[in-house]
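Trainee: I would like to learn how to read the contact between two chains. Could you take me through a case?

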There are 2 protein chains.
Amino acid sequence: MIQANDPKLTSWIEVEKDSDFPIQNIPFGVFKTKDSAPRVGTRIGNKVIDLNALFVLGYFKNLPFEGSDFNTSSLNNIMKKGKEGTRELRNRISKLFTSDFPDLKNNEQHVAQVLIDIDEVEMLMPVEIRDYTDFYSSEQHAYNVGCLFRDPNNALLPNWKHIPVGYHGRASSIIPSGQAIHRPKGQKKPPTEEVPVFGQSNLMDFELEMAFFTYEGKPLGDHITTAEADDYIFGMALFNDWSARDIQGWEYVPLGPFLGKNFASSISCWIVTLDALEPFRVAGPDQSNPKILPYLEYAGNKHIDINLDVFIQPEGGEENCVCNSNYRHMYWNMNQQLAHHTVNGCNINNGDCYASGTISGPNEGEYGSMLEISWKGTKPFKMNDGTERKFINDNDTVIMRGYSEKDGVRIGFGEVSAKLLPAK
Amino acid sequence: MIQANDPKLTSWIEVEKDSDFPIQNIPFGVFKTKDSAPRVGTRIGNKVIDLNALFVLGYFKNLPFEGSDFNTSSLNNIMKKGKEGTRELRNRISKLFTSDFPDLKNNEQHVAQVLIDIDEVEMLMPVEIRDYTDFYSSEQHAYNVGCLFRDPNNALLPNWKHIPVGYHGRASSIIPSGQAIHRPKGQKKPPTEEVPVFGQSNLMDFELEMAFFTYEGKPLGDHITTAEADDYIFGMALFNDWSARDIQGWEYVPLGPFLGKNFASSISCWIVTLDALEPFRVAGPDQSNPKILPYLEYAGNKHIDINLDVFIQPEGGEENCVCNSNYRHMYWNMNQQLAHHTVNGCNINNGDCYASGTISGPNEGEYGSMLEISWKGTKPFKMNDGTERKFINDNDTVIMRGYSEKDGVRIGFGEVSAKLLPAK
């Protein structure tokens, strides 16, 4: 077992019941305060831990890190140290903050330099993302979309159960939780029109996804197998793949989604390491009918049980839960996605982002987009305030939260939240 | 007129007739020698000019550059100075090497530090590419593909003449001219098989494209108009969008090309500035039927006349010209592509790469891919050595060359060349 995951550990930092951030989590993020430049941190309970301060104070002695790894505006430098490096770092942080290890706790001056209240920090974009790929790996989502746009008897396309279908997305417009977006404008062709028109998207949607971030991969031309994939995955975040359905519908044949997606994607700011999620591994679905090709086979449990909820909050109103899903509902897991992505020799880089595709569970109430929830606008969602939603309204905030829980330990992601402002 | 473009200029460096690199070109690239680390250079005739050496010797006084802009392994730093900065730099270089300005010429010691024979340098990847987008903007290519896979009477999809269709591609696997690639492996479903199989691609193709590289854009949410687009474009290169047709055919519905493309794309190493190409502007096609939307309209000549040739060279054999095309055959120009890409608020970054899509001319002999040249394998191309090509064979080298010519001035790109090695 990875030392920092021990469910018996407790911290001398107070952690509220149901916190996403017990000492078993130790996620990584980038923050600033009103007085400081961006730097790398972690979090226990409601305290942000300044890793640059810990480094300067000598608490990372004998670890393979230098000051510029923490006194910087992205996690890319610590990710360059690979799985072993970041694991050692997480284990060291765990040790410094466990109840049994009072050295730091008892040094008030050091504690004052290292701990910051969560309310006093602004969380920033955690990773400088290189390439970004979006998969399409939830069977229920692919089935629902197939039913809505094609035929329930033939909902999955012929390749879907053979290939973890994916496409390249736009890295430049991935933004951190909290940053508002504007309703995009673009070209669309409403069914009532003879020719396309230009205007704001009227069918704004979220997509509930999880993203993972990679370490440096192998050289161009080499392949990462399903068995090797874990070693190339640093950690995960919540991911809202904002989608303008009317723009997407007109543009996407034959080369896939483009302006219907690339105006913004929002991610949660704490990257939870794959190490921290190991205790929550679960089995995936049967993949014998049709039988998958050998390069996609894998050993052991490679899916992860992560509860996922989506909320819509109108301006000044309360949160409405519109979806309870779970990351275990994926047909294709991350190992299969990476093995597929690299089987042709495509190289991956430190800081790449790979999103899951919309994660829909098998039942109503578990669908991960308004397209599915409102069944293409035919079943509006009834909000607590009496209004209805087919898609997202101006000034609505969309919030996604997620956590794993087992043996009394809850490892969470916090949230990804973004307000949809009116079109400019 | 931009000073460095003056057709009357001559250089004190010898320039052979039909050289791609007269003093009116002044492209930018990154090179190393056996004794030196990567640095930024330009080229006149067969001499590479070490811009770091020029900077150190004080020849860039009063320009907005510093040493780290040249003593580095990519053009991204000089591109950060924007259009004005790189234009001033090009004008200064032009002045230093014109016949009328003997200061540098007469300083033998300086000349020895600054000029290097082209044979003594290795050209490297010129730009650290952020996001990469591939368009699909040649009408003849889209028509040919439509004929081959759908119906000649209905070859263009309904959106094609309304939208500069594009999709996001993989930046990590864009490689410089000269770097060989391996035939990729992947999943495909031959028409003779009931289920997909895994194996090497048997339908390896090139796509003749041009790419442009951008300066830093506007913030997320803002739009770059067709009138503004020129100010955001640094320069251009030749681009071979390698394609594995069998992998692509099975995977691409519904989200577009992925592993059929992302194993490699090759670019030429000298980035020719948009400034240097200004004299070769030409009018584009009529876009009144159907009429394009106002945000895609543009003023003036925004297409560019660039002769483009493709050659296949078998191992130990001679070059066979398989295509003569021209960049003027584009339906959508770069200004329209950038205006479309950002109309939804998508942000662009310094170092982004945007490729044109396959550039096919209206006649046989002008098609920019083997798919079209061999008409899906039904019309094999006859090589000089008596062999035939439907697609690219192992150990074939694919070479693309391009240049503009007018008023006795020829501005060229050199070449992009890559050998296809057998599958690993």
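Mentor: We will go through the symmetry of the two chains and then their interface. Keep in mind that this is a predicted model.

Trainee: Which rotation superposes chain B on chain A?

Mentor: To relate two copies, look for the turn and the shift that lay one on the other. Here a rotation of 180° does it, with 0.0 Å of shift along the axis and an RMSD of 0.0 Å. That is why the relation is that of a two-fold axis. The same surface serves both copies, as 100% of the contact residues of chain B recur in chain A.

Trainee: Which residue of chain B comes closest to the rotation axis?

Mentor: B:Gly256, whose C-alpha lies 2.2 Å from the axis.

Trainee: How many residues are in contact, and what area is buried between the chains?

Mentor: Contact counts heavy atoms within 4.5 Å. On that basis 58 residues of chain B touch 58 residues of chain A. About 5300 Å² is buried between the two chains, and carbon and sulfur atoms give 60% of that area.

Trainee: How many salt bridges and polar contacts cross the interface?

Mentor: Six salt bridges are found between chain B and chain A. One of them joins B:Asp222 to A:Lys424, with the closest N and O atoms 2.7 Å apart. Polar contacts across the interface number 28 residue pairs.

Trainee: Which elements of chain B supply residues to the side that touches chain A?

Mentor: Among those that each supply at least two residues are the strands β6 (132-135) and β10 (185-188) and the helices α7 (245-251) and α9 (334-342). The residues of this side of chain B divide into 30 nonpolar, 19 polar and nine charged.

Methods
Residues are numbered from 1 along each chain as its sequence is written. Chains are lettered from A and ligands numbered from 1 in the order in which they are written. This is a predicted model: local features need pLDDT of at least 70, side-chain atom pairs count only at pLDDT 80 or more; totals for chains, interfaces and linings use all residues. Side-chain values use heavy atoms; hydrogens and water are left out. Copies are superposed by least squares on the C-alpha atoms of residues with pLDDT of at least 70 in both. Buried area is the accessible area (1.4 Å probe) that two parts lose on being put together, summed over both. A salt bridge is a side-chain nitrogen of Lys or Arg within 4 Å of a carboxyl oxygen of Asp or Glu. A polar contact is a pair of N or O atoms within 3.5 Å; within protein, one must be able to donate a hydrogen and the other to accept it, and residues adjacent in sequence count only if both atoms are side-chain atoms. Helices (H or I, at least four residues) and strands (E, at least two) are DSSP runs, numbered from the N terminus. Ala, Val, Leu, Ile, Met, Phe, Trp, Tyr, Cys and Pro count as nonpolar, Asp, Glu, Lys and Arg as charged, and the others, Gly among them, as polar.
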